[in-house]
Amino acid sequence: TPAPPASSSPAMAETDDTQAPPLGYAVAQLHGVYILSQTERGLVVVDMHAAHERITYERMKQQVHGDGQALGRLQTQPLLVPVSIAASAREVETAENERATFERLGVELDVAGPETLLVRQVPVLLGNADVEALIHDMLGDLERFGRSDRLEVHINELLSSMACHGSVRANRRLTVPEMNALLRDMERTERSGQCNHGRPTWTEMSMHELDKLFLRGQ
């Protein structure tokens, strides 16, 4: 049974010490893609990349939209060594025109030559991202969305695209504590039942459903 759409429901409530958390406790990782978790009802399977992408996206939205009255900025992290990126003349022009947008989104980007960009800092939430791929995608999105004064209309689309670069990748081995930390983050995050593209991030099978698969009690 797929997880219920989370777009219309709040984050899962915190539980007390005597009650197991809604998404249970991790017992294994499958093919570097799925987390298997034991719950009071049965088994939960989590798409770890999709779940982490949603968590990253929601945190970025909270930072960038500020307190609802003032616009916020993504928290930044300077790179130990600036990253030089080969870019087209059009991308360099976009980088120059959208400097304020990049700053608001936590990226310090300088033009280092006719076809070269230099990245000095990135958002904290994307600290492990492939910087070159991130910047090229951001430039492509900003070219597609048009002028800076239209950014607010598309800001969440841009953040969603950026969040893809900050989520854990498939085939990355996670420890049990890391898997449980992801489960707890999901329980605290609004709309965590769906990824940014509308697909479910987790599904559950009850013990009754599992028993039926193996004809137990029949």
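Reader: How much area does the protein chain expose, and what share do carbon and sulfur atoms supply?
Author: This is a predicted model, where local features need pLDDT of at least 70, side-chain atom pairs count only at pLDDT 80 or more, and totals for chains, interfaces and linings use all residues. Residues are numbered from 1 along each chain as its sequence is written, and side-chain values use heavy atoms, without hydrogens and water. Accessible areas come from the Shrake-Rupley method with a 1.4 Å probe; for residues, only the protein chains shown count as cover. The chain exposes about 12,000 Å², and the share from carbon and sulfur atoms is 51%.

Reader: How many helices and strands does the protein chain have?
Author: Both are DSSP runs, numbered from the N terminus: helices are H or I, at least four residues, and strands are E, at least two. From the N terminus on, the order is β-β-β-α-β-α-α-β-β-α-α-α-β-α. The count is 7 helices and 7 strands.

Reader: Which element gives the largest share of the largest nonpolar core?
Author: A nonpolar core is a set of buried Ala, Val, Leu, Ile, Met, Phe, Trp, Tyr and Cys residues joined through side-chain atoms within 4.5 Å. Buried means under 20% relative accessible area, exposed over 50%, partly exposed in between (1.4 Å probe, protein chains only). The largest core has 30 residues, with Leu105 and Met138 among those with the most contacts inside it. Its largest share, 7 residues, comes from H4.

Reader: Which residues does Leu105 contact, leaving aside neighbours within four places in sequence?
Author: Contact means heavy atoms within 4.5 Å. With those neighbours set aside, the partners of Leu105 are Val64, Leu74, Pro123, Met138, Ile155, Leu158, Leu159 and Met162.

Reader: Is Asp185 buried or exposed?
Author: Asp185 sits in helix H6 (residues 176–188). Beyond residues up to four places away in sequence, Asp185 touches Ile55 and Arg59. The C-alpha atoms of Asp185 and Ala51 are 9.2 Å apart, although 134 residues separate them along the chain. With a relative accessible area of 17%, Asp185 is buried.

Reader: What share of the residues of the protein chain count as buried?
Author: Asp185 is one buried residue. The chain has 218 residues. The buried share is 44%.

Reader: Among contacts between residues at least 6 apart in sequence, what share join residues at least 24 apart?
Author: The pool is contacts in the protein chain between residues at least 6 apart. Of these, the share joining residues at least 24 apart is 68%.
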